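Trainee: Got a minute to walk through this model with me?
Mentor: Sure, put it up and ask away.

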Amino acid sequence: MNISGSDLILACSAIGAGIAVTSGIGTGIGQGNAAGHAAAAVGRNPGAQGNITTTMLLGQAVAETTGLYGLVVALLLMFVKPLVG
């Protein structure tokens, strides 16, 4: 089997894109934990709902950036093909 350098780069780019997209797993787990703890906190202290919700949404926005960066890297590897000359 002959695999040229360009074919190897494309294959490795596809594997790298798949690995990059798996960053969404950690993002989903982290956001689920944050929402669960926020719901429990609101249940204990309903008067602080506004502050809890604001803090939770800020934390989830920060956590979501990891998943978005993984998606951008995967899209670059799959469609832009920056490593193929």
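**Helix contacts and the core**

Mentor: Start with this contact: S13, A14, G16, A17, A20 and V21 in α1 meet G70, V73, A74, L77 and M78 in α3. Keep in mind that this is a predicted model.

Trainee: What classes of residue make up the contact of α1 with α3?
Mentor: Eight are nonpolar and three are polar. No charged residues take part.

Trainee: At what angle do α1 and α3 pack?
Mentor: About 165°, and the axes lie 8 Å apart. Helix α1 covers residues 5-21.

Trainee: Roughly parallel or roughly antiparallel, then?
Mentor: Roughly antiparallel, because the angle is over 145 degrees.

Trainee: And which hand is the crossing of α1 and α3?
Mentor: Left-handed.

Trainee: Let me pick on S13. Is S13 buried or exposed?
Mentor: S13 is buried, because its relative accessible area is 6%, under the 20% cut-off. The residue sits in helix α1.

Trainee: What does S13 touch, leaving aside neighbours within four places in sequence?
Mentor: L77, M78 and L83. Two of these names, L77 and M78, also appear on the α3 side of the helix contact.

Trainee: Where is L83?
Mentor: In the segment after α3.

Trainee: Is L83 buried or exposed?
Mentor: Exposed, because 55% relative accessibility is over the 50% cut-off.

Trainee: Which residues does L83 contact, again without the close sequence neighbours?
Mentor: I9 and S13, leaving aside neighbours within four places in sequence.

Trainee: How far is L83 from S6?
Mentor: They are 77 residues apart in sequence. In space the C-alpha to C-alpha distance is 8.8 Å.

Trainee: Switching helices. How do α2 and α3 pack?
Mentor: At an angle of about 175°, with axes 8 Å apart. That is over 145 degrees, so α2 and α3 are roughly antiparallel to each other.

Trainee: Which residues make that contact?
Mentor: From α2: S23, T27, Q31, A34, A35, A38, A41 and V42. From α3: Q49, I52, M56, Q60, A63, E64, T66, G67 and G70.

Trainee: How many are nonpolar, polar and charged in the contact of α2 with α3?
Mentor: Eight nonpolar, eight polar and one charged.

Trainee: Q60 caught my eye. Buried or exposed?
Mentor: Buried, because Q60 has 16% relative accessibility, under the 20% cut-off. Q60 belongs to helix α3.

Trainee: What does Q60 touch?
Mentor: Q31, A34 and A35, not counting residues up to four places away in sequence. Q31, A34 and A35 are on the α2 side of the contact.

Trainee: Now the core. Which residues form the largest nonpolar core?
Mentor: Five residues: A38, A41, A48, I52 and M56.

Trainee: Which helices each supply at least two residues of this core?
Mentor: α2, residues 23-44, and α3, residues 49-80.

Trainee: What is A38 in contact with there?
Mentor: I52 and M56, leaving aside neighbours within four places in sequence. A38, I52 and M56 also figure in the contact between α2 and α3.

Trainee: Any glycine worth a look in α2?
Mentor: Try G26, which lies in helix α2.

Trainee: How accessible is G26?
Mentor: G26 is partly exposed at 48%, because that value falls between the 20% and 50% cut-offs.

Trainee: How far apart are G26 and S13?
Mentor: 13 residues in sequence and 22 Å in space, C-alpha to C-alpha.

Trainee: Last one, L76. Where is L76?
Mentor: In helix α3. At 41% relative accessibility, L76 counts as partly exposed.

Trainee: What does L76 touch?
Mentor: K81 and P82, not counting residues up to four places away in sequence.

Trainee: And how far is L76 from N2?
Mentor: 26 Å in space, C-alpha to C-alpha, with their positions 74 residues apart in sequence numbering.

Conventions: Residues numbered from 1 in each chain as written. Predicted model: local features only at pLDDT ≥ 70, side-chain atom pairs only at ≥ 80, totals over all residues. Heavy atoms only, no water. Core = buried A, V, L, I, M, F, W, Y, C linked by side-chain atoms within 4.5 Å. Buried < 20%, exposed > 50% of the residue type's maximum accessible area, 1.4 Å probe, protein only. Helix = DSSP H or I, 4+ residues; strand = E, 2+ residues; numbered from the N terminus. Contact = heavy atoms within 4.5 Å. Axes fitted to C-alpha atoms, helices over the stretch in contact; angles between N-to-C directions. Parallel < 35°, antiparallel > 145°, perpendicular 65-115°, else oblique. Left-handed = near helix turned anticlockwise from the far one by under 90°. Nonpolar A, V, L, I, M, F, W, Y, C, P; charged D, E, K, R; others polar.
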